[in-house]
Amino acid sequence: MLLIVGRIGKPHGIRGEVTVEVRTDEPETRFAPGMVLTTMAGANAANGRGAAPAGPGVPFEVPGELTVEAARWHQGRMLVAFEGVLDRDVAEALRGTLVAVDSADVAPPEDPEEFLDHQLVGLAVVTPDGERLGEVARIDHAPASDLLVLRRPEGGTALIPFVKEIVPEVDLAGGRVVVDPPGGLLDL
């Protein structure tokens, strides 16, 4: 499973650097020199692949993988240089491209109370009494707390704050998340 770690933004300067909208808790690890990132068409990518001149009459195609040459922070933004992206035109062709890593290459968190999104998606959601409420569809990262998006068996979704008081147990081996929702939470 691929985990999106960033979205390539606008070019920075004339030497091929790009801004990256970081979507990972560990940008220094994910964008370290030598890291190979898988590319995916983003919402703003031109036809899913860029089209900048790579030479006389030859359009640039966004490759399936990009290798980080250098990365640095500048005014609160991550700037990344990728191998083979040497000018602003080619960097512009990357705009909107999502970059990802394979979940198999991501080490699990050391803290037993910390989970990666892909570990939770698909788990059954049950009450302390064992009543099945649905399954985790995705995780939304809100400012106050993370939210489990519960896909209900009868259709629709519900949002569950991912806090210890409401989610007392996550059993990865058992494939379930135990939730003890306050009255009315699942009716919203």
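Which element gives the largest share of the lining of the largest pocket? That seemed a good place to start this note, and the points below take it up along with some salt bridges and two loop residues. Please keep in mind that the model is predicted.

1. **The pocket and its main contributor.** The answer is S1, from which 4 residues of the lining come, the largest share. The pocket itself, the largest in the model, has a volume of about 1100 Å³. Its lining is made up of 36 residues. If you would like a way in, look for Asp-25, Phe-115, Leu-116, Asp-117 and His-141, which lie nearest the centre of this pocket.

2. **Who else lines it.** Strand S1 (2–12) is joined by helix H1 (27–30), helix H3 (117–120), strand S10 (132–141) and strand S13 (169–171), each supplying at least two residues of the lining. On the level of domains, the largest pocket takes at least three lining residues from domain 1 (2–105) and at least three from domain 2 (117–178). You may want to display both domains when you look at the lining.

3. **Chemistry of the lining.** Sorted by class, the residues lining the largest pocket are 21 nonpolar, 11 charged and 4 polar.

4. **A salt bridge between S1 and S2.** The model holds 11 salt bridges, and three of the pairs are picked out in this note. Arg-7 and Glu-21 meet through their side chains, with N to O at 3.6 Å. This pair links distant parts of the chain, since Arg-7 sits in strand S1 and Glu-21 in strand S2 (residues 17–22), 14 residues apart. Arg-7 has a relative accessible area of 18%, so it falls under the 20% cut-off and is buried. Its partner Glu-21 is partly exposed, because its value of 39% lies between the 20% and 50% limits. There is also a third member here: Arg-23 is linked with Arg-7 and Glu-21 in a network of salt bridges.

5. **Two further pairs.** Arg-95 forms a salt bridge with Glu-92, and their closest N and O atoms are 2.8 Å apart. Both ends are partly exposed: Arg-95 has a relative accessible area of 32%, and Glu-92 has one of 35%. The other pair is Arg-138 with Asp-140, where the closest N and O atoms are 2.9 Å apart. Arg-138 counts as partly exposed at 43% relative accessibility, and Asp-140 is partly exposed too, at 24%.

6. **Thr-97, a buried loop residue.** Thr-97 lies in the loop between helix H2 (88–93) and strand S8 (98–102). With a relative accessibility of 0%, Thr-97 counts as buried. A polar atom of the Thr-97 side chain lies 2.8 Å from the backbone oxygen of Leu-94.

7. **Gln-75, an exposed loop residue.** Is Gln-75 buried or exposed? Gln-75 has a relative accessibility of 74%, which is over the 50% cut-off, so this residue counts as exposed. Its place is in the loop between strand S6 (65–74) and strand S7 (77–82). The backbone deserves a look as well: phi of Gln-75 is near 50°, a positive value in a residue other than glycine. As a reminder, most residues other than glycine have a negative phi.

Note on methods
Residues are numbered from 1 along each chain as its sequence is written. This is a predicted model: local features need pLDDT of at least 70, side-chain atom pairs count only at pLDDT 80 or more; totals for chains, interfaces and linings use all residues. Side-chain values use heavy atoms; hydrogens and water are left out. On a 1 Å grid over the protein atoms alone, a cavity is a set of points where a 1.4 Å probe fits but cannot get out, and a pocket is an open set with protein on both sides within 12 Å along at least five of seven lines; lining residues have an atom within 4 Å of a point. Grid points are joined across faces, edges and corners, and a volume is the space filled by probe spheres set on the points. Ala, Val, Leu, Ile, Met, Phe, Trp, Tyr, Cys and Pro count as nonpolar, Asp, Glu, Lys and Arg as charged, and the others, Gly among them, as polar. Domain bounds come from an automatic or database domain assignment. Buried means under 20% relative accessible area, exposed over 50%, partly exposed in between (1.4 Å probe, protein chains only). A polar contact is a pair of N or O atoms within 3.5 Å; within protein, one must be able to donate a hydrogen and the other to accept it, and residues adjacent in sequence count only if both atoms are side-chain atoms. A salt bridge is a side-chain nitrogen of Lys or Arg within 4 Å of a carboxyl oxygen of Asp or Glu.
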